Amino acid sequence: MVNNFSPFIEDIASILNEFENEFECYDCNQIHAIDTHLDFLQNFDNVVLSGRQKNSNIINKINSRIVKACLILDKPLLGICYGGQILGLTLGCTLKKIQKVKNIIDIDLVEPTPILEGYKSVQMYESHNFCISTLSNEFRLLGSSESCINELFCFNDKPLFGTQFHPEKSGKQGKDLIYNFLKLR
């Protein structure tokens, strides 16, 4: 797990511990000192990019390198809020500023996905003021809401998923998403 200094990092860690999943959490500034992200990421089954509170070019560069390494290695990646935004930006999507959203929102799933298997819609917690405005042709839209068209998306047939919402703050449905993501290999 990459900690981009999200206020919800403890919530993600708590869910991972609840599933008795072995994990390591690295502050993004620790990863900045690593020469090659490919070698580093080979040691992990899955990668989670947390949200963040402050804009930082250094955090953006680090996370973009991680996204590219996961793409090369075919390593499952879950980008949460900012993590989903940097996934999209790194691979050709566009971002726009919106009015602050801080609420539980209804998301319609427009395509089946293994990370929310069995669901047609979900309710998830959101807290952000940017969203992916346009998905590049390499992405598939998986879920949409009134506040953000591109709520849940993935990179073609690769296991790279982005959310605008915070599954770690969304109760059972959010836990199901994280649990199903961790089963991907």
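The following questions and answers go through the strands, cores, helices and pockets of a predicted model.

Student: Which residue in β9 is the bridge partner of L78?
Tutor: Strands β4 and β9 pair in the parallel sense, over four bridges. L78 is in β4, which spans residues 77-80. Its bridge partner in β9 is F161.

Student: Which residue in β9 is the bridge partner of C154?
Tutor: β8 and β9 run antiparallel and are joined by three bridges. C154 is on one side of β8 together with L152. The bridge partner of C154 in β9 is F161.

Student: Are the residues of β9 buried or exposed?
Tutor: In a regular strand, side chains alternate between the two faces of the sheet. In β9, residues 160-163, L160 and G162 point one way, while F161 and T163 point the other way. On either side the state is buried.

Student: Which residue of β8 is the bridge partner of R140?
Tutor: β7 covers residues 139-144 and runs antiparallel to β8, with four bridges joining them. Both faces of β8 are covered, with L152 and C154 on one side and F153 and F155 on the other. The bridge partner of R140 is C154.

Student: Which residue in the hairpin of β8 and β9 takes a positive phi, and near what value?
Tutor: The hairpin has four residues between its strands. The residue in question lies in the loop between β8 and β9 and is not a glycine. With a relative accessible area of 32%, it counts as partly exposed, because that value falls between the 20% and 50% limits. It is N156, with phi near 35°.

Student: What is the phi of F5, and where is this residue placed?
Tutor: F5 is partly exposed, at 36% relative accessibility. Although F5 is not a glycine, its phi is positive, about 70°. Its place is in the loop between β1 and α1.

Student: Which residues touch the most other members of the largest nonpolar core?
Tutor: Nonpolar side chains in soluble globular proteins tend to be buried together. The largest nonpolar core here has 31 residues. Elements that each supply at least two of them include α1, β4, β5 and α6. The residues touching the most other members are L78, F161, L177 and F181.

Student: What does L177 touch beyond residues up to four places away in sequence?
Tutor: L177 belongs to the largest nonpolar core. Leaving out residues up to four places away in sequence, it touches L78, I115, L116, M124, F165 and P167.

Student: How many residues does the second core have?
Tutor: This core is separate from the one that holds L177. Among its members are L41, I132, F139 and F155. Its count is 26 residues.

Student: Why is V67 classed as buried?
Tutor: V67 lies in helix α4, residues 57-73. Leaving aside neighbours within four places in sequence, V67 is in contact with L49, L77, L87, T90 and L91. Buried means under 20% relative accessible area, so V67 qualifies with a value of 0%.

Student: How far apart in space are V67 and T90?
Tutor: The two residues are in contact, and they are 23 residues apart in sequence. T90 is one of the buried residues of α5. From C-alpha to C-alpha, the distance is 7.3 Å.

Student: How many of the residues of α5 are buried, and which residue with a positive phi follows the helix?
Tutor: Helix α5 covers residues 82-90 and is mostly covered, with eight of its nine residues buried. Among the buried ones are Y82, Q85, I86 and L87. The helix is followed by a residue with a positive phi near 100°, G92.

Student: What is the volume of the largest pocket?
Tutor: Of the 21 residues in its lining, R52, Q53, Y82, Q85 and N129 are the closest to its centre. α5, β5 and β6 each give two or more residues to this lining. By class, the lining has eight nonpolar, ten polar and three charged residues. The space in the pocket is about 440 Å³.

Student: Which residues are the closest to the centre of the second largest pocket?
Tutor: This pocket has a volume of about 360 Å³. Its lining has 13 nonpolar, three polar and four charged residues, and the elements giving two or more residues are α3 and β3. Closest to its centre are E22, F23, E24, F44 and N46.

Notes: Residues are numbered from 1 along each chain as its sequence is written. This is a predicted model: local features need pLDDT of at least 70, side-chain atom pairs count only at pLDDT 80 or more; totals for chains, interfaces and linings use all residues. Side-chain values use heavy atoms; hydrogens and water are left out. Buried means under 20% relative accessible area, exposed over 50%, partly exposed in between (1.4 Å probe, protein chains only). Contact means heavy atoms within 4.5 Å. A nonpolar core is a set of buried Ala, Val, Leu, Ile, Met, Phe, Trp, Tyr and Cys residues joined through side-chain atoms within 4.5 Å. Two strands pair if DSSP finds at least two bridges between them. On a 1 Å grid over the protein atoms alone, a cavity is a set of points where a 1.4 Å probe fits but cannot get out, and a pocket is an open set with protein on both sides within 12 Å along at least five of seven lines; lining residues have an atom within 4 Å of a point. Grid points are joined across faces, edges and corners, and a volume is the space filled by probe spheres set on the points. Ala, Val, Leu, Ile, Met, Phe, Trp, Tyr, Cys and Pro count as nonpolar, Asp, Glu, Lys and Arg as charged, and the others, Gly among them, as polar.
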